[in-house]
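Reader: I am new to this structure. Please pick one part and take me through it closely. Then show me how the rest fits around that part.

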Amino acid sequence: MTTGYRRPLARTVAFALLYAAAVYSGRRTAMVGDGVSLIWPAAGVGVVWFCANRTSPTRRLDAVLLVLILGLGNWLTGAPAAVSVVAGFVGLIQAGIFLGTLRRWRPNLWGAGGSETLRSPRDLWGLLGATLAASVGANLVSLLGRGLVTGSFPVAFQAMALARHTASILIIGAAGIYLGAGLRRWRARPPLRRVSFWRTAEIAGIFTFSVGGHVGAFAYDHRLPLSFALLGLTVLVGTRLRTPWVLVHNSVISAIAVQYTLLGSGPFAQVGDVGQRAVIVQLFVLLVALVGLALALGRDERTALLSALAEEKAELDTQKTLLTAVIDSMADGLAVIGGDGRVTLRNPAVTELLGRCGPDDLLGGPGWDGEPAYLRALAGEDVRGVDMPVRNPGVPEGRVVRVTATVLPHPDGTRSAVVLFHDVTAERRHRDELTNFAGVVAHDLLNPLAAIEGWTAATLDSLDGVPDHPNLDQAHADLARLTRASARMRGLIDGLLAYTTAREATVAPAPVDLTEVVADIAQARADAAVAAGSPEPRFRIGALPPVQADPVLVRQLVDNLVGNAIKYTAPGVVPALHISAASAGGMVTVRIVDNGIGIPAGQHDAIFGNFHRAHTTGAYLGTGLGLAICKRIVERHGGDIAAVDHPGGGSCFVFSLPAAVADHPYLTPV
């Protein structure tokens, strides 16, 4: 015999002996002259046996032994041979139905595929359902089997058997599941809990009081239904003692009720009909078990939930402390503002950045331009990187703060705004210094450039009357190169000036008729192409809603994009542009589609950088500032700009500007 079979075989032998003792004790409770047993513990032991050996290699031997023990036990105690055979197979069917039903309804329990014990009333109802399914199914098979072998259908006898089996499986099955799961936990050696003296005294007192009360009631010979009045003691046990003590209490009370009834004492012994007496005893036992377990498991479930809630609360408190420490240590200011304008959270950095950190400073007060960012966030707008100047007695030197606001929805349907403040004063000062420097340099370079261009033109005029000379052609070529270099230099300086204007000019928002602006630019570009002898570009202009923006900057934006579309067209191709727009969410999105040479792969974002040129060869000259200027103009109006490939060839530029309204919420102050 291999070592792997010793333990399963030992367990099988132990259960077989226990099952045989249960069959014998059940037959011994048969009331004299009637053959009606008061209890049938074999039903409960059988289901626990099959649950414990559910995956055992000896489970086929278990089935054979159960049939043999139950059949021989009935036959040796006076049952007919045919009826004993039927009883043996009925016991096997009953255990199989219980195991299959329990696995389906409560697979988490020990013996049904899981490792848990009874933890809640739901587990109890699952156990009760499996118990009823096994008892009803087995008794229907027994009734049919007895009818086939004896020719009679003892319905009353099977009704009594149904009550016996239900009580036995519920009481012993619950104890078996609890004991099996406890043994598995014991193998993991959990730490033992110490029980206080007063708790031990309470357990002993309640248990003794309940057992003593039941003994007194069943030893009392008068015909008074005192046993059912004792259910109050079961309620006391179920509400004050843990589930293991309730299981022991159920077993003890069941033994008291059965033993005294067999001895002819107690209220149940006064019932004349033996069948009724047996059913009443089983109903009492079943009621005691259900009430006690339901109360105990309900209390256990509440205790487990409260413990889990306490652990979750402790974890949340830890996370709250950590989050508070992180927020308070942030260099950026963080504030949460409710829909009623009340500040519900702010960190110390807010005070440092804003000086006076009163509600007015967060909600919009002296030094704030336009509608506060939190109101726009509460309205559903995602506010990203809005520069807001702050100047008050707390910050007399002034400061530029970048504000980002997002909406925070709550489960009750209300909203709050999470506002983040970032100090960009040094960054803006450095940027402004560089921009001013570029503007001054560009402006100062125009004077010597104008002199170079003037002397170059004068020299060319002087050479017109000079007779042919071997060096004359070389002089013309050199002066032509100088003229082209001067033109490139002037274009670069003009671009720097335009970029400075786009960054520094004061934004004066007003309603702008995009249709009129685009039509005027299209006409000007067409006239310029005719004058230069180039193909006249074709324009297809859709409906263009008005926008709320600076008219000068909007014209510069559209003209740059249209000029790029015309310039970056392949030789011999007539430029064709389609300009359309759509309104949504308070913004107007404009699309300019062309049939040009397109944008090289991977450069759709890079082309908006300063001095970046996507096409550095060929006849496509430029400074690399045009699209950077467009990006800055759009951003200063709170919009976005992007470049994408057009499926039909060419490029597609998409930008958004605020829609024209009576009072637009804001424009970025810089």
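Author: **A close look at strand β1**

The protein has 19 helices and 12 strands. The model is a predicted one. A few totals set the scene. The protein has 670 residues, and buried residues make up 43% of them. About 34,300 Å² is exposed, with 62% of that supplied by carbon and sulfur atoms. Take the contacts between residues at least 6 apart in sequence: 66% of these join residues at least 24 apart.

Now to the strand. β1 runs over residues 333–338. Is β1 mostly covered or mostly open? It is mostly covered, with six of its six residues buried. Here, buried means a relative accessible area under 20%.

Next, the directions of the residues. Side chains in a regular strand alternate between the two faces of the sheet. In β1, Gly333, Ala335 and Ile337 point one way. Leu334, Val336 and Gly338 point the other way. Both sets are buried.

Which strands pair with β1? One partner is β5, residues 415–423. The pairing is antiparallel and spans six bridges. Within it, Gly338 of β1 stands opposite Ser416 of β5. Another partner is β2, residues 343–346. This pairing is antiparallel too, over three bridges. Here Ile337 of β1 faces Val343 of β2.

β1 and β2 form a hairpin. Four residues lie between the two strands. In this hairpin, Gly341 takes a positive phi near 85°.

So much for the strand; now the charged pairs elsewhere. How many salt bridges does a search of the whole structure find? It finds 10.

Start with Asp520 and Arg555. Their salt bridge has its closest N and O atoms 2.5 Å apart. Asp520 lies in helix α17, residues 514–532, and Arg555 in helix α18, residues 551–567, so the pair ties together parts that are 35 residues apart in sequence. How covered are the two partners? Asp520 is partly exposed, at 39% relative accessible area. Arg555 is partly exposed as well, at 33%.

Glu635 and Lys631 meet within one helix. Their side chains form a salt bridge at 2.9 Å, N to O. Both belong to helix α19, residues 626–636. They sit four residues apart there, which means a separation of about one helical turn. Glu635 has a relative accessible area of 35%, so it counts as partly exposed. Lys631 is partly exposed too, at 30%.

Another salt bridge joins Arg119 and Glu116. The closest N and O atoms of this pair are 3.9 Å apart. That falls inside the cut-off, because a salt bridge needs the nitrogen within 4 Å of the carboxyl oxygen. Arg119 is partly exposed, with a relative accessible area of 43%. Glu116 is partly exposed at 31%.

Some charged residues form a group. Arg199, Glu202 and Arg240 are linked in a network of salt bridges.

Back to the strand, to close. β1 has six buried residues out of six. β5 pairs with it over six bridges, and β2 pairs with it over three.

Key
Residues numbered from 1 in each chain as written. Predicted model: local features only at pLDDT ≥ 70, side-chain atom pairs only at ≥ 80, totals over all residues. Heavy atoms only, no water. Buried < 20%, exposed > 50% of the residue type's maximum accessible area, 1.4 Å probe, protein only. Pairing = 2+ DSSP bridges. Contact = heavy atoms within 4.5 Å. Areas by Shrake-Rupley, 256 points an atom, 1.4 Å probe, with all protein chains shown as cover.
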